[in-house]
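Here are some short exercises to work through with the model open beside you. Try each task before you read its solution.

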Amino acid sequence: MARWCYRHRLVVLLLWVGALFGLGFAASTAGTDYATDFSLPNTDSKRAYDLMEKAFPDSAGDTDTVVWKVDGGTVRDQSVRSRIQPALDEIGKMTGVGGVTSPYSGEQGAAQISSDGKIAYAQITFAEQANTVPKDLVQNVVDTAQNAERAGLQVELGGQAIQKVQEPPTGLAEMIGILAAAVVLFLAFGSLFAMLLPIGIAIFGVGTGLFSTQLISHVTSVPDLAPLLATLIGLGVGIDYALFIVTRHRRGILHGMAPEESAVVALNTSGRAVLFAGGTVCIALAGMLVTNLRFLDGVVIGTSLTVIFSVLAAVTLLPALLGLLGTRVLSRRQRRKLAAGGTSRSSEAESGGGPEEGQTSGAAARWSASVQRRPRTIAVLALAVMAVLALPVLGLRLGATDQGNDDASTTTRKAYDLLAEGFGPGFNGPLQVVTSGGDTDALVKGIGDTAGVARVAALPPARGVTVIQVVPTTSPQSEKTDQLIDRLRDRVIPDAGAQAHVGGVTAVSKDFSSITGDRLPYFVGTIIGLGFLLLMVAFRSLVVPLTAALMNLIAAAASFGVLVAIFQWGWGLDLLGLGKEGPINSFLPVIMLSLLFGLSMDYQVFLVSRMHEEWVHTKDNARAVRVGLAETSRVINSAALIMVCVFLAFVLSGDSGAAMAGVGLAAAVALDAFILRTALVPAAMHLLGKSNWWLPAGLEKRLPHLAVEPRESVSEEDATGGGATVVHGFVRDPEGAPVDGAVLTLLSGGGRQLDRVTLLADGSYIVSVPGPGTYLLAATADTYGARARHVVVTDEPLVYDVELAEGEVDAVN
């Protein structure tokens, strides 16, 4: 497939461009139909909602609020009324506004003025729900209301529709994330074209995924948060997956391969790992379905589609683009060196600056050797850092953010604070007790006598249903408000003998948090179990997947500890411009754990697959861990840095849920890549030794074989090009003396071991070659640096001498 895409690059490119623009045109024609439904079946708040829907089937559109406050006098003064009422009248005449309820409309409006007369509010009812109200109309409402301000008269607006107009321009977060990723890629590759490749793949993957999600929103319920989360994860994995493949392709060209062969090998090795990694991300996302929270179904659809399109773009569009670029994926310095006839050795590749090309004396190799020398110390230090960061998670409180958590400079936050000041903290989150039978008067009296209730009022009954508005004395996010809901449900309603249910946004949020907390263990168990099985099949080990599962739990605990410290305790919120502290969004643990487990599996696959490859060839655990870490840590860290940039950019999205997810995922990826995969995992694998690769014989026979890297056979040309031959020569040190105990290994181009011998007494060796072709010859010895070179074998035996230098760090490419 890779070869076909490479050779038919224009066809592949046109197909992808056609798909992107075709889906984009269809999506723009159909429009969006996103809907956020937090209601849960078999909960008290859902029963209250169903009763209200029965009583008021023709409910109006979104209701927003205009709030004003005077410094002197009262809001009833003619000087105030003469400025506010004309503005309200003008708003009421706008097309798309269903009506305006003014505090100056007789006795009914008197309740909309605070007891001290300093604060009043008017309710604006739009004809449509918040996500479909035209932005221009909302902006006109805001401008008209705020034009009534004067010295001593403050006017602010709150509500979901109002919140939409104060968000940054759509796409700002994405653009900043892409620009930051571009800088990292350019520094890593040193080539403009190589930098553009991962970004282009991510744009195609995210674009087709988002347009498809937009179309699917017309046939199933997709929350408006889904596109943001899909963009967040799509940009991250799209850039990372392309980075891994481009890295392997550049390495192949630097080692003397033709661009087409290099692309094919890159897709047949790193491309397979990308397919496996993308599959694990989708499996982790699908784990959200275990929670049976309908709100999350659309999130699973949107994010999974985007990941799938990103993987497809990486394994089909990317080889086509590699074919268009040829050797221009290398930096100019590398191209000049290649043109001069020099292929890159592992010790020379660093000159080009790619993340994959580490010098044998480079930082990655030195760190890998340090981990091997001091695994206990490094493991203890890494665990201590993660434990300290995880401590705040013990105080985790789930809930829902509202406009009281907005930045203090926003009009929605100011309106929220004014309403709390004038009418009490519970005014921003009233409860709705919906009753369909029993003694309503007794229920109203019982609610009014309950501790924690500021005001209670029964609305006129409709179709046998009465709605009782209950204003708590505490804010919607207060634990005392949750306790009030429990008191109403468990004691007050049963004591009154009424058939009633407690609903409203605050009650829905509480039920959602409770259900999420109850189902979270099943969800975590599901995704850990699936991940364990996948890694066990891929790496033929019980210990490797068990280690990965433990590391995922440690990463999750530490990242949630960071979230609690920032968003719940308020550490650094002002610095980040993220508003006021509050509970962690109820849906965030499920979404974030899905993404975190998927991304963690990516890094685990790329790290351990290289270790596993070395283990299969040498059966030397220390060497396998050392070489795997030295060769993959730079590319994993580069990929993680890109993800951190993309995720942190979503702080600027204007959506508190996306900002919280962005910060949490950025922390999780940084901790996972820079501490766990770079320090704790390899240190633990050094300590565990050969038991890392233990698998009971009975289980080995029963497990299916799933190779992340291909089991490469001798090429067709090799198989038909002649009989077996040999490579032979001497292995000596710089002084010309034989290297005692050196081992020579012959491998196919993809890493399959073909022959392995120990040096003879006179320093000579001879290895068998199945036929003419290109092979990799690796020489290793204790205390000596390793050498690995491509050798081209013809029909005749090849003489090849190797020199090993003592004291060099081993980092075989």
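Partly exposed residues are those between buried, under 20% relative accessible area, and exposed, over 50%. Keep in mind that this is a predicted model.

**Exercise 1.** Classify R3 by its accessibility, then find its salt-bridge partners in helix α11.

*Solution.* Begin with the area: R3 has a relative accessible area of 28%, so R3 is partly exposed. Next, look at E260, whose salt bridge with R3 brings the closest N and O atoms to 3.2 Å. E260 sits in helix α11 (residues 259-286) and R3 in helix α1 (residues 2-7), so this pair ties together parts 257 residues apart in sequence. Then turn to E261, which also forms a salt bridge with R3, here with the closest N and O atoms 2.8 Å apart. That pair links E261 in helix α11 to R3 in helix α1, across 258 residues. E261 itself is partly exposed, at 34% relative accessibility.

**Exercise 2.** Describe the salt bridge of D417 and R413 and the setting of each residue.

*Solution.* First, the distance: the two side chains meet at 3.1 Å, N to O. Second, the spacing: D417 and R413 are four residues apart in helix α16 (residues 411-423), and therefore about one helical turn separates them. Third, the accessibility: D417 is partly exposed at 32%, while R413 is buried at 12%.

**Exercise 3.** Locate R333 and say which surface patch R333 belongs to.

*Solution.* Start with helix α13 (residues 332-339), which holds R333. R333 is exposed, with 53% relative accessible area. Finally, R333 joins R332, R336 and K337 in a positive surface patch.

Definitions and conventions. Residues are numbered from 1 along each chain as its sequence is written. This is a predicted model: local features need pLDDT of at least 70, side-chain atom pairs count only at pLDDT 80 or more; totals for chains, interfaces and linings use all residues. Side-chain values use heavy atoms; hydrogens and water are left out. Patches are made of residues with over 30% relative accessible area and no salt bridge: like charges are joined within 9 Å, nonpolar side chains (Val, Leu, Ile, Met, Phe, Trp, Tyr) within 5 Å. Accessible areas come from the Shrake-Rupley method with a 1.4 Å probe; for residues, only the protein chains shown count as cover. A salt bridge is a side-chain nitrogen of Lys or Arg within 4 Å of a carboxyl oxygen of Asp or Glu. Lys and Arg count as positive and Asp and Glu as negative; His and the chain ends are not counted. The place of a charge is taken as NZ of Lys, CZ of Arg, CG of Asp or CD of Glu. Helices (H or I, at least four residues) and strands (E, at least two) are DSSP runs, numbered from the N terminus. Buried means under 20% relative accessible area, exposed over 50%, partly exposed in between (1.4 Å probe, protein chains only).
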